Amino acid sequence: MLGNRAILVAAPPSLFRTGLITTIRETWPSYSMRVTADSSQLPLLVQQHPHALLILDCIKAREAFVSLTQLRQTHQSLPVLALCGPHVSATLSQQLHQAGIGAWLSYTSPPATVREVVKKLLQDTYPKIGTESRPPRLLPPPTPFTQREIEILRLVVADMCNLEIASHLCLSVRTVESHRRALLQKAGAKTLVGLVVRAITQGWVGSEMITASVMIQE
């Protein structure tokens, strides 16, 4: 069954989902990616085509676990990676365990963590396939970010809007907008989606590289 080079991502559209898919595609180019925003479609999609891994967003935990329970009736050995918030409650942790999910990532996980967890799950299923990955090419932003810009970038990656970021950091919306424009310019990105994809795939958030960038700027 080494031909099952497909990864199914069941998650609603978000900047994190875009960055996650880009990271996986760049690291494991031999795998095809199938994406759905409707977790209720999981049993049908898995029945139509075998998959090496299922990545399931738990933002709507009840619906996700209902679909996963149905899926487990026919595909008990399919490895599942859950996407959760930065803090997993005791209730959610118990639900993950009962659903047979032994691995999860937060929405703010850096690319190195994403690669490590996904690689482990692929190797557990197909050892020879899981090791076929490209070494990550992490590059710093063309112009180093300031500490405040990094804080705002992390919140942008977490899908927060300008008003939410301003409230979280006790800033004005106009100040947040100014920092976001600076982030786009420094990163050489034309759109917010492009900025987030680069931030996730290049490790500009949650990595040692961003710390070094701050030191250069200061």
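Helices (H or I, at least four residues) and strands (E, at least two) are DSSP runs, numbered from the N terminus. By this rule, Cys-170 falls in the loop between helix 8 and helix 9. The model shown in every view is predicted.

**Figure 1. The chain as a whole comprises 11 helices and 5 strands.** Of the 218 residues in the chain, 47% are buried. Among contacts between residues at least 6 apart in sequence, 68% join residues at least 24 apart.

**Figure 2. Close-up of the loop residue Cys-170, which follows helix 8.** Cys-170 has a positive phi of about 60°, although this residue is not a glycine. Its relative accessibility is 72%, and Cys-170 therefore counts as exposed.

**Figure 3. Close-up of helix 8 (residues 162-169), with its buried residues Asn-162, Ile-165, Ala-166 and Leu-169.** Seen down the axis of helix 8, these buried residues fall within an arc of 100°, so they line one face of the helix. An α-helix has 3.6 residues a turn, so residues three or four places apart point the same way. Leu-163, Ser-167 and His-168 are exposed on the other side of helix 8. The elements that cover the buried residues of helix 8 include helix 7 and helix 9.

**Figure 4. Close-up of Asn-162, a residue of helix 8.** Asn-162 has a relative accessibility of 18%; because buried means under 20%, this residue counts as buried. When residues up to four places away in sequence are not counted, Asn-162 touches Val-173, Val-176, Glu-177 and Arg-180.

**Figure 5. Close-up of the packing of helix 9 (residues 173-187) against helix 10 (residues 192-201), at an angle of about 65° and with the axes 10 Å apart.** The crossing in which helix 9 passes helix 10 is left-handed. Helix 9 contributes Arg-180, Leu-183, Leu-184 and Ala-187 to the contact, and helix 10 contributes Leu-192, Leu-195 and Arg-198. By class, the residues of this contact comprise 5 nonpolar and 2 charged, with no polar residue.

**Figure 6. Close-up of the edge-to-face pair of Phe-16 and Tyr-107, one of 2 aromatic pairs counted.** The ring centres of Phe-16 and Tyr-107 are 6.0 Å apart and the ring planes stand at 70°; planes over 60 degrees apart count as edge-to-face, so the pair is assigned to that class. Phe-16 belongs to helix 1 (residues 15-27), whereas Tyr-107 belongs to the loop between strand 5 (103-106) and helix 5 (111-125), so the pair ties together parts that are 91 residues apart in sequence. Both Phe-16 and Tyr-107 are buried.

**Figure 7. Close-up of the aromatic pair formed by Phe-145 and Trp-204, which is edge-to-face.** The rings of Phe-145 and Trp-204 lie 5.6 Å centre to centre, with 80° between the planes. Phe-145 is located in the loop between helix 6 (127-130) and helix 7 (147-157), and Trp-204 in the loop between helix 10 and helix 11 (208-217), so this pair ties together parts that are 59 residues apart in sequence. Phe-145 counts as buried because its relative accessibility is 0%. Trp-204, at 3% relative accessibility, likewise counts as buried.

Notes
Residues numbered from 1 in each chain as written. Predicted model: local features only at pLDDT ≥ 70, side-chain atom pairs only at ≥ 80, totals over all residues. Heavy atoms only, no water. Axes fitted to C-alpha atoms, helices over the stretch in contact; angles between N-to-C directions. Left-handed = near helix turned anticlockwise from the far one by under 90°. Contact = heavy atoms within 4.5 Å. Nonpolar A, V, L, I, M, F, W, Y, C, P; charged D, E, K, R; others polar. Phe/Tyr/Trp six-rings, centres within 6.5 Å; stacked < 30°, edge-to-face > 60°. Buried < 20%, exposed > 50% of the residue type's maximum accessible area, 1.4 Å probe, protein only. Arc of directions from axis to C-beta.
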